[in-house]
Amino acid sequence: MTAVRKVAIAGTGVAGLAAAIQLAKAGVEVVVFEAKDAPSTLGSGISLQGNALRVFDALGAWDDIRAAGFPFEGLNLRAPGPGAPVVAALPDVKTGGPDYPAAMGMPRAELTRILLEHARAAGAEVRFGAKVTGLQAHGAEAVEVFVNEESTGEYDLLIGADGLHSAVRELVGIETKPEPTGMGIWRAFVSRPADVDRSELYYGGPMYIAGYTPTGDDTMYAFLVEDAQDRFGVTGEEATQIMLEASRAYDGPWNSIRADLEAGAVANYTWFTQHVVPAPWNRGRVIVIGDAAHSCPPTIAQGAAQGLEDAFVLTELLTGRDAVDDALFDEFHARRLPRAQAVVDASVQLGRWQLEHNREADAGGLIFGIAQQMAAPV
């Protein structure tokens with residue numbers, strides 16, 4: 001017996017779809033509401049560490065995800081300037097344990113497609129163009145969910161996995177929101193040179209970080225981290241040109257990246273944010289997880305992994321208990337809040353270190369130490 005029979009989920013990001021898969025596999029009736037009209041095909045790539053891969057295996061999606069991505073071991077640090085020499089090859093940190101690669105990259109759209117297929121195959125219903133616009137508690141046992149201003153009925157639980165700008169978080173009155181950290185990032189999806197077989201980071205030069213991660217046999221995504229600026233009104237052509245010019249100080253594989261940018265590769269820009277909702281993340285029969293509950297700069301590639309861990313722990317409790325009660329939520333918060341807080345703190349610490357040290361290049365030890373913390377099970 002499970003603690004819930006009917007659950008609504010807001011959002012088709014990794015946390016929402018992971019929760020949908022696990023609950024539907026356990027026989028729970030699951031309806032996922034997504035405000036967008038269709039699965040997003042935009043964006044570049046995503047870096048996933050071993051603890052994320054371990055959750056994918058628990059979902060039953062690991063084989064498909066591994067086939068669609070680019071697993072790799074280790075991390076190289078390069079110097080800016082002529083030749084871009086490798087100055088450090090960091091050892092593997094298998095945060096998912098010995099059965100999984102240390103990390104992998106893949107296109108974001110492919111990850112969404114695979115998780116969506118698994119959610120539907122497990123029996124979850126997914127509705128696009130369906131924004132959660134209202135909630136009404138019915139005692140302590142149920143919540144009525146309104147989508148596009150119309151009631152969709154009562155549910156035992158609503159899981160708000162609807163991202164940084166969560167409508168569910170706002171509807172339940174949680175005031176903690178993402179705050180800028182002072183950095184912004186350019187990203188572009190480009191072709192992969194044959195000699196790029198793992199993530200590589202450049203510290204120093206005009207950017208805080210220049211780097212890239214392989215996402216497939218022929219693809220990778222490249223990124224540049226700068227001071228946060230108002231870049232949001234530029235055209236697509238202007239964005240590509242800005243990223244192209246900002247990359248000029250970086251040699252090696254960046255020559256190939258520039259060729260793709262010159263050929264019209266699309267660049268996009270976002271700011272780094274950070275926040276952690278203090279306990280509790282639930283208000284009655286509504287709970288937020290993933291980016292709705294916490295966000296961090298991508299400096300240690302743990303954002304998606306932490307959302308996946310939220311979903312895994314929550315669904316483990318919901319499918320292993322007989323009732324949704326304070327004890328269930330207390331255990332969830334005890335297992336998730338300290339870890340999420342540690343990840344956010346570590347990610348912000350690395351960014352702050354770079355801001356304070358004016359782009360100096362001695363970040364390898366700090367990255368390695370932070371990654372080791374993630375190897376502990378949730």
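Student: Between which two elements is the loop that holds Gln 302?
Tutor: This is a predicted model, in which local features need pLDDT of at least 70, side-chain atom pairs count only at pLDDT 80 or more, and totals for chains, interfaces and linings use all residues. Residues are numbered from 1 along each chain as its sequence is written, and side-chain values use heavy atoms, without hydrogens and water. Helices (H or I, at least four residues) and strands (E, at least two) are DSSP runs, numbered from the N terminus. The loop with Gln 302 runs between strand 20 (294–295) and helix 8 (303–320).

Student: Is Gln 302 buried or exposed, and which side chain does its own side chain contact?
Tutor: Its relative accessible area is 0%, and buried means under 20% (exposed is over 50%, partly exposed in between; 1.4 Å probe, protein chains only). Gln 302 is therefore buried. At 3.0 Å, its side chain makes a polar contact (N or O atoms within 3.5 Å, one able to donate a hydrogen and the other to accept it; sequence neighbours count only if both are side-chain atoms) with the side chain of Asn 51.

Student: Which strands stand at the edges of the open sheet?
Tutor: Six strands form this mixed sheet in the order 8-2-1-12-19-18, where pairing takes at least two DSSP bridges. Two of them have a single partner strand each, so one side of each is left without a neighbour in the sheet. They are strand 8 (125–128) and strand 18 (282–283).

Student: Which residue in strand 19 stands opposite Arg 283?
Tutor: Strand 18 pairs with strand 19 (residues 286–288) in the antiparallel sense, over two bridges. Opposite Arg 283 stands Val 286.
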